[in-house]
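Hi,

Here is the structure I said I would pass on. Have a look first, and then read on for what turned up in it.

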Amino acid sequence: MKRYGMGALAALTLAASVGAAPATALGQRWEPSWSPDPRIDGVGAFEALEDDRRGSHPEGLPHVYVQGNAYRFDAHLEDRDGSDRMRNESRGMRTRNGRKIEIREDETWRISYQMYIPDTLHATPSFTHIWQLKAPDVSTPLAQLSLPIVNGVPKIQARYWEVDDSVHEVGAADLAPIQNKWVTTTLEFKSGDDGYLRWVLQDGKRTLADKRVDHIDLWFSDEGYNRPKWGVYRSIRSAGLEETYLLVRDLKAWRLGPRNPVPSTPPPDRGPGAYEAERVGNVFEGAAEPARCGVCSGGHKVLLTGGNIYDYTVIRGVLSETTGARELTVHALVDGAQTFFVSVNGADAIQVPMSGNKEAVSTATVQVPLVAGVNTLRFYNLSARTPELDKIVIR
């Protein structure tokens with residue numbers, strides 16, 4: 001009798017439960033890639049948390065945490081992630097040694113987990129999402145599990161998006177019969193321009209949904225990667241919302257076949273006075289985060305800065321031998337005309353208007369007051385998104 005390791009056995013069991021792999025995958029194996037244990041890995045199993053990132057409800061922290069052998073996502077009525085929505089989610093996957101797990105272009109993945117949806121987590125006429133697939137540098141999601149009301153009936157629905165923000169159903173099932181119990185869901189997909197998405201929902205041994213769509217675009221990012229998100233992300237503009245939560249456990253991910261290579265990117269700028277925006281020790285608050293960039297030095301940029309008081313980037317450790325005015329050159333990808341506000345060591349902000357396009361790095365130079373020793377520069381904009389920051393150079 002042929003023997004299998006536990007990871008291979010789990011992969012075979014899951015494959016049997018949701019059917020055979022697509023024809024193009026014949027001869028390849030499902031490789032176990034992620035299987036966190038909440039009691040050992042904690043929330044470090046995820047790339048990052050989006051736990052009340054606006055600071056709307058500090059008394060409720062943490063909103064994302066371990067409960068027994070599951071991850072729990074709380075949603076309170078006072079939570080806010082903008083004026084019309086709330087969000088408490090985890091994003092991405094990490095190995096036990098802290099390495100990010102990237103879903104790269106033209107890779108096929110299968111993600112399976114159990115979820116517990118209480119009857120206080122309602123389907124809504126506006127949006128309520130409990131799982132998403134997204135790229136860091138594109139705001140439009142690629143795929144979701146959502147809780148809509150369809151013809152007056154609460155549903156759980158798998159859907160995919162197009163980059164123009166149009167959305168399409170993959171499959172749906174009634175929500176009420178799966179609430180207040182553990183059910184299993186599986187998302188299988190190819191992250192490519194000609195991809196596919198398959199969604200399976202099971203209540204024990206009973207299959208409630210098994211739907212697949214082919215020849216869809218599940219790759220929006222030229223240099224980035226895709227990553228899953230779990231949690232509660234909903235509009236607050238629906239009547240009858242309650243304080244609620246979502247539980248997920250037994251998370252597993254498999255990749256079909258070998259890894260695809262990381263796209264090549266430029267080396268970092270090691271010149272005097274150069275500071276990469278993504279360097280270790282910098283601060284990325286709110287939605288701001290580093291993302292891969294094929295035209296940026298160091299191969300990364302920092303995006304989603306500005307638009308409110310919460311999303312900002314801080315470059316720390318900027319050295320100066322003397323106190324006085326120095327020349328600051330900002331390198332960034334600009335979408336038309338955008339503006340940074342730069343506060344040096346907490347002082348009043350200096351405006352840095354920029355113009356350009358997101359296909360090439362643009363620059364702008366201003367004078368900034370530095371002190372002898374170590375300086376901190378905060379990049380923000382209270383009313384609009386800023387350019388995507390590549391690096392700064394001090395002369």
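To start with a puzzle: which side chain meets that of Arg-206 in a salt bridge? The partner is Asp-203, with N and O 3.5 Å apart. The two ends sit in contrasting surroundings: Arg-206 is exposed, at 51% relative accessibility, whereas Asp-203 is buried, at 16%. Before going further, please keep in mind that this is a predicted model, so everything below is computed from predicted coordinates.

**Salt bridges**

The Arg-206 and Asp-203 pair has plenty of company, as the structure holds 31 salt bridges. Two others are worth pulling up on your screen.

One is between Arg-54 and Asp-81, where the closest N and O atoms are 3.7 Å apart. Arg-54 is in the loop between β2 and β3, and Asp-81 is in the loop between β4 (70-75) and β5, so this salt bridge ties together parts that are 27 residues apart in sequence. Both partners are tucked away from the surface: Arg-54 is buried with a relative accessible area of 12%, and Asp-81 is buried at 4%.

The other joins Lys-391 to Asp-269, with 2.6 Å between the closest N and O atoms. Here the link is between distant parts of the chain, 122 residues apart. Lys-391 belongs to strand β27 (residues 388-394), while Asp-269 is in the loop between β16 (244-256) and β17 (274-276). Lys-391 counts as buried, at 11% relative accessibility, but Asp-269 is partly exposed, at 25%.

**The disulfide**

If you are thinking about reducing agents, here is what the model has in the way of disulfides. There is 1 in the structure, and it is formed by Cys-293 and Cys-296, with their sulfur atoms 2.2 Å apart. The link between Cys-293 and Cys-296 is right-handed, with 65° about the S-S bond. Are these cysteines buried or exposed? Cys-293 is buried, and Cys-296 is buried too.

**The largest pocket**

Rolling a probe the size of a water molecule over the atoms shows where empty space is left. In this model, the largest pocket has about 880 Å³ of space. It is lined by 45 residues, and the closest to its centre are Arg-87, Lys-134, Ser-139, Thr-140 and Leu-304.

Which strand gives the most to the lining of the largest pocket? That would be β7, with 4 residues. Strands that each supply at least two residues of the lining are β5 (85-91), β7 (128-134), β8 (143-146), β10 (153-161) and β15 (227-235).

While you are in the loop between β7 and β8, take a look at Val-138, which lies there. Val-138 counts as buried, at 17% relative accessibility. Its C-alpha atom is separated by 7.0 Å from that of Phe-220, although the two residues are 82 apart along the chain.

**A nonpolar patch on the surface**

Ile-309, Tyr-310 and Leu-382 make a nonpolar surface patch of about 280 Å². Of these, Ile-309 is in the loop between β20 (300-303) and β21 (312-320).

**Backbone oddities**

Most residues other than glycine have a negative phi, and most peptide bonds are trans. A few places here go against that.

Where is the cis peptide bond? Look from Leu-61 to Pro-62, where omega is near -10°. Pro-62 is in the loop between β2 (48-51) and β3 (64-67).

Then there are two residues with positive phi. His-215 is not a glycine, yet its phi is about 55°. His-215 lies in strand β14 (residues 206-216) and is exposed, with a relative accessible area of 66%. Asn-345, also not a glycine, has a positive phi of about 55° as well. Asn-345 is in the loop between β23 (336-344) and β24 (350-356), and with a relative accessible area of 37% this residue is partly exposed.

**Where to look**

For a quick tour, begin with the disulfide of Cys-293 and Cys-296, move on to Arg-87 and Lys-134 in the largest pocket, and finish at the salt bridge of Lys-391 and Asp-269.

Cheers

Notes
Residues are numbered from 1 along each chain as its sequence is written. This is a predicted model: local features need pLDDT of at least 70, side-chain atom pairs count only at pLDDT 80 or more; totals for chains, interfaces and linings use all residues. Side-chain values use heavy atoms; hydrogens and water are left out. Patches are made of residues with over 30% relative accessible area and no salt bridge: like charges are joined within 9 Å, nonpolar side chains (Val, Leu, Ile, Met, Phe, Trp, Tyr) within 5 Å. Accessible areas come from the Shrake-Rupley method with a 1.4 Å probe; for residues, only the protein chains shown count as cover. A salt bridge is a side-chain nitrogen of Lys or Arg within 4 Å of a carboxyl oxygen of Asp or Glu. A disulfide is a pair of cysteine sulfur atoms within 2.5 Å. Buried means under 20% relative accessible area, exposed over 50%, partly exposed in between (1.4 Å probe, protein chains only). On a 1 Å grid over the protein atoms alone, a cavity is a set of points where a 1.4 Å probe fits but cannot get out, and a pocket is an open set with protein on both sides within 12 Å along at least five of seven lines; lining residues have an atom within 4 Å of a point. Grid points are joined across faces, edges and corners, and a volume is the space filled by probe spheres set on the points.
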